[in-house]
Amino acid sequence: MKNITLIALLFTSMISFGQSPFVVTNSVSPLTFEETTSITITINGNSFNETTAGIVGNALYLWSWSFDVNNAPGSILDCPTNGSWTNSNEANRLTYNSGSDTYSITFTPNVFYNRPGGAPIGRIGFLVKAKDGTGDKKSQDTLLDVGLFQVNLTSPNVNSSTIITSGGSLSIAANSTNGNSDYNLYANGVLLNNVNGVASYAYNHTSISSNQTYELQVTQSGVTKIKKFNVIVNPGTVNAAMPSGMIDGINYNSGDVTKATLVLDAPGKDFVYVAGSFNNWQPGTSYSMKKDPASGKFWLELMGLTSGVNNLYQYWVVDTTPIANSPSLVKTADPYSTLVLSPFDDPFIPATTYPNLPLYPAGQDREVTVLQTGQTPYSWINSSFAKPKKEDLIIYEALVRDFDSDRNFQDLIDKISYFKNLKVNAIQLMPVMEFEGNESWGYNTSFHLALDKFYGTSNKFKEFVDLCHTNGIAVILDVALNHAFGRNPMNRMWMNDPDNDGWGDPASDNPYFNTVARHSYSVGSDFNHTSALTKNYVKRVVKHWIEEYKIDGFRWDLTKGFTQNCTSGDDGCTNGEPTDRVPILKDYADYGWSLDPTHYTIFEHLGTDSEEQKWANYRLTGEVDGIPKGIMMWGKMTDNYATLTKGFVDDVKRVGHSSHGFTAKRLVGYAESHDEERVMYKNLTEGNTAGHNARLLNVALSRMKAMGAMHILVPGPKMIWHFGALGWESSIFTCNNGTTNFPTDPAPGDCKLDKKPQPQWVNNWLLDANRFSLYSTWAKMNALKINEPVFEGNYDIIPDVVSPATTGVKQRMYIYDNSLPANSLRNVVVLANFSVAALNVKPDFPYTGTWYNLMDNTSINVTNTATVINIPAGEFRVYGNQLATTLATNDFELAKSITLYPNPANDKFVLSNSASNVEVYNLTGQLVKTFKGNFETSHVFLIDDLNTGIYLVRINDDNKRQTTTKLVKE
């Protein structure tokens, strides 16, 4: 991933990224103000260097946010005119005052922040930044209280956690502005002390023997402000051997559903409490975790749990002597959570996507973990899926958020026929692990073992995987394990948090993360992959998704970052071959193969051939299990293919493995990916108009077929992107409203990360003759590639040199496997004319005789192998020495076809769509079984009472459309 593609999406003002590249001095006038008061913020230009800060033309912008009246962390809302991190809104640009070398902006808080319903503001925060903040071109955070009535907690600090021994005391002192106030001190929700009508307050709480959560409520003229702080009683260390077989995170007791054991590895921490719904979030000493002398890990057995009931918990992790700017107490969810609740994201998750989502616990903040004993395991329908060969892979890369209007896993399930009829045999999903926010590309991961709830439930995702496997489709996950973001517990437990807001960058004692990224493409916090703890964590992530979800492979994001040998600004090192990167990544690949010998391992590296060869050629021979390994590498060819489809000169030799020096076919070549401009958009905006006008929609669509021939049919794994098979023509910079906004626009913007409109379903592209023609053509090529052995053979890509002036627009490819029988399809010749005029292409057939057009089964008699073939502009030919065994057919079902799976079935089957009536007939036409009702896609139809044989199943869907399909009952 490129850095620029992430920051706009990932940054929110709820996350403090700690240290800043430039520090500013600022002032506000007036010093105290109400939310209805016009204020001016002034930045001293002499306090920072504009060039170093990335400020061009004095373009400095305010990035700001507001809190509610109680300044609760969960109440933070961004200023609606912030814009995006890569493109600040002009409304927030500061005025440069050249005479005083200052920058200033004036606004009225309640108007500027425009909180929903006019809710009152208790505090505002801001920083200043370059228009494009990529590279962290920002200042430090500044917080300002709103209102003439203010409360100053002088002892202890706001939101602090004071560590005491049992029986100790805490002195509390505060004062208020604007006159006398009433003070009410609560401890653990119970009124402890109150004093009315004074300007200052003092109280000493003595003989404290249990943890205390305090709220000092200060009221003046009907307005109440709350200051929170804590006391944590040091329970002392209880050393006790951890039960055998325990792993980090939740350990369920298989024989006793009333118990579960929690394990936390927190080096350098002194003690840990477990707070949760089972102790009303007020843990006593019985919820202090024990410490295992052998491993140093903290552990605690929870007892008295109720089977099937959701229990919520956090760790209270304490360091009695933290390093400078690090908190003594961090409240955090379990790093190994498989389900977390978030006060920031969960309120915006539709109930239709995640029914019965557990409620976030009132009065808490930050993420909490969900624990549930006695869970009913998912009943897998397909338990014997055989992965397609690496050489045969046709991978469909998809972003769940932008696949259909509901933006969830159910959308993928409902459209399984789209994938099946396209004949793809693998779906690669952009990250689905719990990420920050809801509408994201997913690379801002915070919990790598948890599924993001915005896409659906765990069982719904398993249903999708199950359905894919039943239809012969592998599921590959994009995993972002180069980095993590601010909510990640391993970041927060050892963080640099000078402003004490609970967010920060990794501190110097963090055992998982670097304080400064060790490569050039950093986003979030950079994992240190030489750390044993990091390696253990990564391997747990790999194990979890393989074993729990039957995931067939991983595409590893940003593998260039898996080094400790570079610096954040050293592109030469990062793009070179740092020696430590190869063994680190081989180790992770080996671990995945130890769990699943056929596991797909794909690296997004885009590096030097020599480094990539070390992975692609790794473990290809000498395997005890007889299964050659080898790591697949991403192979970007966007510009090359786009140049050809636009009607200009280029070549695509590097789409295959041999040009990279790979021994085996381990290059995942692609013309489009999530991160690249769309080829069709380039056709329509930059295409050659001299003849076959590539800028016309239907002309451009027809030219994409030739691209498929020179892409899909190249031996080795290939990838296609989201609706490329339907000719998606909107730019990657398309905004949610359908407009485009580019970084190079006169009013620069960046909609690259915006969620996209859904014309492919709204306008039913599968019923558009030109789009469906492209879809069905690629489907035929996919079927040929997957099913015909010759496409696992060798290949040569050679330009036609008959007419040198047009060399590069006439492409030829020879695919062959002479080890196949002579009477089989063992030679294929692909000819493509990417010109905008008809051209003669010299085929140079390997031999004379009858050759067959594999796309329509017509034949030609070749008496001279060099006799030219006239190919119209933008068209192609695929010739084979024999007819393909794969049917070349136009009989593709459209989008609403219904799939029955598994098929063959033993005692049950499921349908890919909802149905209102299902009837089963034997081959004599006798009705043998009827199901009536409103059946959802997850409904299981039992057929255990049917005899072995072949049946016809007639299905009526909710729209009274009827489909009949064959069922084989085993």
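Good morning. I begin with Cys751, which counts as buried at 9% relative accessibility. The model under discussion is a predicted one, and my subject this morning is its disulfides and salt bridges.

Cys751 is joined by a disulfide to Cys735, with an S to S distance of 2.0 Å. Cys735 is likewise buried, its relative accessible area being 7%. The torsion about this S-S bond is 85 degrees, and the link of Cys735 and Cys751 is right-handed. The two cysteines are 16 residues apart, and each lies in the loop between E41 and H14.

How many disulfides does the structure hold? There are two. The other pair is Cys566 and Cys573, whose sulfur atoms are also placed 2.0 Å apart. Here the torsion about the S-S bond is about -70 degrees, so this disulfide of Cys566 and Cys573 is left-handed. Both Cys566 and Cys573 are buried. If the bonded cysteines of the protein chain are numbered in sequence order, the pairing reads 1-2, 3-4.

Why does Cys79 have no bond to Cys751? The closest cysteine sulfur to that of Cys79 is in Cys751, but it is 18 Å away, which is too far for a bond. Cys79 is buried, at 3% relative accessibility. Cys468 is buried as well, with a relative accessible area of 0%.

I turn now to the salt bridges, of which the count comes to 41. Let me take Arg555 as a starting point. Its side chain meets that of Asp557 in a salt bridge, at 3.0 Å from N to O. Arg555 also forms a salt bridge with Glu604, where the closest N and O atoms are 3.3 Å apart. This second pair links distant parts of the chain: Arg555 belongs to strand E37 (residues 553-556), whereas Glu604 sits in the loop between strand E38 (600-603) and helix H10 (609-616), 49 residues apart. Asp557 and Arg555 are both buried, and Glu604 is buried too.

A further salt bridge joins the side chains of Glu729 and Arg771, at 3.0 Å from N to O. It too links distant parts of the chain, 42 residues apart: Glu729 is in the loop between strand E41 (718-721) and helix H14 (759-762), and Arg771 is in helix H15 (residues 769-787). Arg771 has a relative accessible area of 4% and is therefore buried.

Finally, I draw your attention to a network of salt bridges that links Asp590, Arg619, Glu623, Asp625 and Lys629. Thank you for your attention.

Note on methods:
Residues are numbered from 1 along each chain as its sequence is written. This is a predicted model: local features need pLDDT of at least 70, side-chain atom pairs count only at pLDDT 80 or more; totals for chains, interfaces and linings use all residues. Side-chain values use heavy atoms; hydrogens and water are left out. A salt bridge is a side-chain nitrogen of Lys or Arg within 4 Å of a carboxyl oxygen of Asp or Glu. Buried means under 20% relative accessible area, exposed over 50%, partly exposed in between (1.4 Å probe, protein chains only). Helices (H or I, at least four residues) and strands (E, at least two) are DSSP runs, numbered from the N terminus. A disulfide is a pair of cysteine sulfur atoms within 2.5 Å.
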